[in-house]
Every structure is written in structure tokens, then in C-alpha cells.
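I opened the notebook today to look up a few residues and the ligand site. Here is what I wrote down as I went.

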Amino acid sequence: MEKNEITVPFLDLQQIHDGIADELNHAVAKVIRSGAYILGEFVEEFEAKFARYQHSRHCIGVGNGLDAISLSLRALGIGPGDDVLVPSNTFIATWLAVTHAGANPIAVEPDPTTHLIDAEKLQEAITPRSKAVIVVHLYGQMPDMARISEFCRKRGLVLIEDSAQAHGAEYRGQRAGAWGQAAAFSFYPGKNLGAIGDAGAVVTNDDATANKIRQLRNYGSEQKYVHECLGFNSRLDPLQAAILTCKLEYLDQWNARRREIANLYFSLLQDVPSLVLPRIVTGSAHVWHLFVVQHKSRDAVRKILADKGIQTLIHYPIPPHKQNAYAMNQFPALPVAERLATEVLSLPMGPHLTDQQVSLAAERLIAACKQQPALATSAATPL
Ligand SMILES: *Cc1c(COP(=O)(O)O)cnc(C)c1O
């Protein structure tokens, strides 16, 4: 599809890393010289700094974002026979964590305008065996966490925040980790804070949960060759930790730049009738991991953009319940997730972009929408 030269890349990590190459190389060299190759000082330094960044008591570095969710579920006692409410429109990791813990994912449809779960939908979806809710701060924005955490508290449900897309995001001034019992982060390279390989972390204010996750990530052990529980090997790699410590210094600056880019898109794209722009939740400080628009002729628009050198992505083209991986499960129709999968389009977003590139992407998107007049109806119409 993207055979033409890319003039506006979706993301350009090399460019971002080139800007801080000396620091990154220095960080890697320090780890090599230290001999601290498993856990140790570099992991602890990042954990302390990221806990502080998220305004949380504890951070436990793990192997990746999937493990951050899985280990959170296990640490909080979720397992076989339990139902866990999850969004119908998320990356499959949210569901897999539940399945791998032996529990059942119960799909909850999102609000069609914010694409986030809300408390009312949770109420409709709750089952007698429901034990936990995983909220996903999709695209970098938190839903009304005051209502959701209150909903969970009243019903005795564990609340886990899948914060893989929301480093630094806030709801009413509080960051992920403040609302749920645990918040799971991914540092997959393309995230707002990304490693140069796989990495993840759990942030929590609860001492017992933190200790349990610390054991679980390290063979169930805190003291070498003494194993308290059936653990895993999912430790944050010190090389990744050192890189992340370095990049964490820039995260606020990068998130601020993402905000500027989002504002630029809003001002340039406001009068395109066939295009639905993202909706911001009142009280939410969005960190714009993704800038996701909706269009009824998404595939045609995307093709036109690709031919013009504007690189876009789709998050996500197939919802988890439609994946072959879940073919053995019976899920009800999930029309919102299914429709969003055909209409969402992620525009180029990241600190690598210049204002000129954002303007060019917007200009070409407006032209592409004009070429699709037949289907120019608002995607925000209710189902
Ligand atoms: C990236 C992502 C994950 C998984 O992270 P990995 O580090 O790739 O395992 C989980 N949930 C969401 C919403 C994500 O975007």
C-alpha cells in the first residue's frame, strides 16, 4: 500500500533517538560496565523514578505490557472461574491477560464517541461471577475514573488500569495507578514512553500487591532459591530500564508536543463533515498516544493518503472477539466495536512531526474526504 515515498511518517523512533543519542549510548555503556544484568540498580532507579512520575508508591518493572496486566490479575487473586469485564475495542493483550490467568473476559462495549468504557455499560455487563474490571486508557485518555472506581468499590470489584497508552495521562489531576488497585504499563518502543525492545511495569499504591508482583515476576522469589509462590520470569531488563530512565526526562516535553499537534489537527480538521474527530472527556488530561479519527469510507481515505505519502495506521482492524484466537468462545454481537474497527483511522502523531508535516497530513486528509462524498455521513450517528 505504502509504495510511494513517505512524507509524513506515522512515527519515527530513529529520529527521536538521534536527538538524544549520546545519552542513550552512555546509558547502555553504563549497564555493560556495571555487571548488573538482572534486576539491580538500573531497574531500581527506573522503578523509583517512574513511581514518582505516576505519583504512586510502587513501581515494579516487568518484561512487557501483557505481563504487567497478567501479573496484576494474579497478584489481586483473579483466576479460574472469575469473570473480568474488559473493553470490546482494545488491543488483544487486555483480553489475553485475563484468559492466561484462567479467567473469562466479558466484553463491554465502549461509548461510541470517546471509545472508552463507561460506568453505565459496566453496570449492564456485570455477571454474578464478575470479580474485576480492566479499564483501558485508550489512545492516551482516561474515562470518568471517579465514577468507575466508585462503581467497582461498591460492588467489591478489583479495578485494574491498562495504561499501556497513557503514561502521564490524568483524570481530575490524578494519574493512572491512583484509581485502580494496579495500573499496567507497556514500554513497547512505539508507546509515549518506549524502550528499545520489550518492557513493562506495574504501578500501585498497595504494599501487598507490590510485594506479590515483585515475587511473581521473579520465580516467586525475593530471596535467591527460596520460592514463595509459583512465579514467572518477567523481569524488566536493566538495559531497557537505563534507556527508560533516560527517556523519562523527556516524557513531559514529548507529551506536550503531542498536545500541540492534537490542537493543530483540531483547528485544521474542524469543518470536514464526513470526518469524526476525537472527543475529549471532561476532566481528562489526554496524552495523545494516538489521534484517532473516524470515517465511513476509512479504507478508501487511507489508500488515498498512502498514495500521497501520509502514513496512517488502524487501531485496531479486528476486535478481539473476532480473532481466531477467541473462536472457541461464544461472544454476543458487539456492534460498536465491530463498527469502530471499520471506521477508525490513526493519523501521524508523535514528537517527530513538524507543524508543516501535520498541516500537510491534514490538508491531504481533507482532500481525501472530499473525494468520498457518497458516504459523507457522520460516523457519530447512533446505532
Ligand atoms: C501495547 C499495549 C499492550 C501490550 O503491551 P506489550 O508491551 O506489547 O505487551 C496492552 N494493552 C494496550 C492497550 C496496549 O496498547
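**Entry 1, Ser221.** I began by asking whether Ser221 is buried or exposed. Its relative accessibility is 5%, so I noted Ser221 as buried, the cut-off being under 20%. I should add here that I am working on a predicted model. Ser221 lies in strand 10, which covers residues 221-223. I then followed the side chain of Ser221 and found that it reaches the backbone oxygen of Gln223 at 2.7 Å. Gln223 is thus a name I wrote next to Ser221 on the page.

**Entry 2, Arg214.** Next I went to helix 8, residues 207-216, where Arg214 is found. Arg214 comes out at 23% relative accessibility, so I put it down as partly exposed. That label applies because the value falls between the 20% limit for buried and the 50% limit for exposed. I also looked up a C-alpha distance: Arg214 and Val202 are 9.6 Å apart in space, with their positions twelve residues apart in sequence numbering.

**Entry 3, the ligand.** Which residues are closest to the ligand? I listed Gly65, Asp162, Gln165, Ser186 and Lys191, out of 13 residues that surround it. By class, I sorted the shell into seven nonpolar, four polar and two charged residues. As for where the ligand sits, I found it in the largest pocket.

I then went through polar atoms around the ligand one at a time:

- For Gly65, a polar backbone atom is 2.8 Å from an oxygen atom of the ligand.
- For Asp162, a polar side-chain atom is 2.8 Å from a nitrogen atom of the ligand.
- For Ser186, a polar side-chain atom is 2.7 Å from an oxygen atom of the ligand.

How much of the ligand does the protein bury? Taken alone, the ligand exposes 380 Å², and I noted that the protein buries 92% of that.

**Entry 4, Gln165.** I kept one of the closest ligand neighbours, Gln165, for a page of its own. Gln165 has its place in the loop between strand 5 (158-162) and strand 6 (170-171). Its relative accessibility is 6%, so I counted Gln165 as buried. What does the side chain of Gln165 contact? I found a polar contact of 2.9 Å joining it to the side chain of Tyr316. A polar atom of the Gln165 side chain also lies 2.6 Å from the backbone nitrogen of Tyr139.

Methods: Residues are numbered from 1 along each chain as its sequence is written. This is a predicted model: local features need pLDDT of at least 70, side-chain atom pairs count only at pLDDT 80 or more; totals for chains, interfaces and linings use all residues. Side-chain values use heavy atoms; hydrogens and water are left out. A residue is near a molecule or strand if one of its heavy atoms lies within 4 Å of it. A polar contact is a pair of N or O atoms within 3.5 Å; within protein, one must be able to donate a hydrogen and the other to accept it, and residues adjacent in sequence count only if both atoms are side-chain atoms. Accessible areas come from the Shrake-Rupley method with a 1.4 Å probe; for residues, only the protein chains shown count as cover. On a 1 Å grid over the protein atoms alone, a cavity is a set of points where a 1.4 Å probe fits but cannot get out, and a pocket is an open set with protein on both sides within 12 Å along at least five of seven lines; lining residues have an atom within 4 Å of a point. A molecule sits in a cavity or pocket if more than half of its atoms lie within 2 Å of its grid points. Ala, Val, Leu, Ile, Met, Phe, Trp, Tyr, Cys and Pro count as nonpolar, Asp, Glu, Lys and Arg as charged, and the others, Gly among them, as polar. Helices (H or I, at least four residues) and strands (E, at least two) are DSSP runs, numbered from the N terminus. Buried means under 20% relative accessible area, exposed over 50%, partly exposed in between (1.4 Å probe, protein chains only).
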